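Trainee: Please take me through one part of this model closely. I would like to see the sheet, what packs on it, and what ties it to the rest.

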Amino acid sequence: MCREHLTHSAAKDIFAFTYDRMRKYQGTWHLEKKPMFPDYVFLESEDSGKLYEELRNFGKMANVQDESTTFTPVTPEEEEMLRRLCGRQHHLKMSRGIIRDGVTLITEGPLIGLENQIRKIDRHKRLARVERRNGNSSDYITAGLEIVEKS
């Protein structure tokens with residue numbers, strides 16, 4: 001809907017972030033693609049004023065009443081992390097790793113080097129909660145992580 005009603009000069013790119021996760025059903029593991037931020041649409045723009053104006057003029061598409069509650073700007077730190085993890089496809093692929101003596105080491109995938117930001121690993125569901133700093137606060141993203149060895 002955004003692509004139909006916003007000009008390219010207002011919104012350079014319109015997308016949603018996704019991530020890979022593994023789920024077991026019918027006796028086998030299956031790779032699934034899930035939304036990373038359900039109910040959020042990301043609009044990349046070089047002119048936020050023009051973007052806001054076009055969204056406001058098309059009030060049926062987005063209930064824009066107050067810019068501070070409707071728009072959540074992505075900080076440069078968040079943008080850098082999301083670009084590093086998800087790339088141009090806006091998709092976070094599965095990672096694999098090992099746990100040695102209680103220390104997590106990512107051996108392949110986009111989570112390499114972010115071991116210190118992993119706050120929780122669910123080995124059964126093959127998921128990790130990765131902390132994402134947001135100024136003075138933080139929140140988490142879910143990422144697919146398969147631990148293939150633990151010692």
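**Salt bridges, sheet and core**

Mentor: Lys12 is partly exposed, with a relative accessible area of 39%. Keep in mind that this is a predicted model. Lys12 is a good way in, through its charged partner.

That partner is Glu46: the two side chains meet in a salt bridge, 3.4 Å from N to O. The pair links distant parts of the chain, 34 residues apart. Glu46 sits in the loop between strand 4 (42-44) and helix 2 (48-57). Lys12 sits in the loop between helix 1 (2-5) and strand 1 (13-15). Glu46 counts as exposed, at 70% relative accessibility.

Now move to helix 4. Arg83 and Glu44 form a salt bridge through their side chains, 3.1 Å from N to O. Arg83 belongs to helix 4 and Glu44 to strand 4, with their positions 39 residues apart in this distant link. Arg83 is partly exposed, at 44% relative accessibility.

The sheet has its own charged pair. Arg100 makes a salt bridge with Glu149, with 3.2 Å between the closest N and O atoms. Arg100 lies in strand 6 and Glu149 in strand 10, so the pair ties together parts 49 residues apart in sequence. Both residues are partly exposed: Arg100 at 43% relative accessibility, Glu149 at a relative accessible area of 35%. Some of these bridges share partners. Lys12, Glu44, Glu46, Glu79 and Arg83 are joined in this way into one network. The structure holds 11 salt bridges.

Next, the sheet itself. It is open, has five strands in the order 7-6-10-9-8, and its pairing is mixed. Strand 7 (103-108) and strand 8 (118-122) stand at the edges. Each has a single partner strand, so one side of each lacks a neighbour in the sheet. From one strand to the next, the twist averages 40 degrees.

Look at one pairing. Strand 6 (residues 95-100) runs parallel to strand 10, and five bridges join them. Ile98 has Glu149 as its bridge partner in strand 10. Glu149 thus appears twice here: as the bridge partner of Ile98 and in the salt bridge with Arg100. Helix 4 packs on the sheet, where it touches strand 9 and strand 10. The direction of helix 4 makes about 150 degrees with that of strand 9.

That packing leads to the core. The largest nonpolar core has 23 residues. Phe17, Met36, Leu85 and Leu111 touch the most other members. Helix 4 (76-86), strand 9 (127-134) and strand 10 (137-150) are the elements that give two or more residues to this core. Another core, of nine residues, lies apart from it and includes Ala10, Ala11, Ile14 and Tyr52.

Take Leu111 from the largest core. Beyond residues up to four places away in sequence, Leu111 touches Leu85, Ser95, Ile106, Val130, Ala143, Gly144 and Leu145.

One more pairing is worth a look. Strand 2 (residues 18-25) and strand 3 (residues 28-35) run antiparallel, joined by eight bridges. They form a hairpin with two residues between them. In the turn, Gln26 has a positive phi of about 55 degrees. Thr18 stands opposite Pro35. Strand 2 also runs parallel to strand 5 (residues 91-92), through two bridges. There, Tyr19 is paired with Leu92.

Finally, Glu32 is found in strand 3. Glu32 is buried, with a relative accessible area of 15%. Leaving aside neighbours within four places in sequence, Glu32 is in contact with Tyr19, Asp20, Arg21, Arg23 and Tyr25.

Technical notes. Residues numbered from 1 in each chain as written. Predicted model: local features only at pLDDT ≥ 70, side-chain atom pairs only at ≥ 80, totals over all residues. Heavy atoms only, no water. Core = buried A, V, L, I, M, F, W, Y, C linked by side-chain atoms within 4.5 Å. Buried < 20%, exposed > 50% of the residue type's maximum accessible area, 1.4 Å probe, protein only. Helix = DSSP H or I, 4+ residues; strand = E, 2+ residues; numbered from the N terminus. Contact = heavy atoms within 4.5 Å. Pairing = 2+ DSSP bridges. Axes fitted to C-alpha atoms, helices over the stretch in contact; angles between N-to-C directions. Salt bridge = Lys/Arg side-chain N within 4 Å of Asp/Glu carboxyl O.
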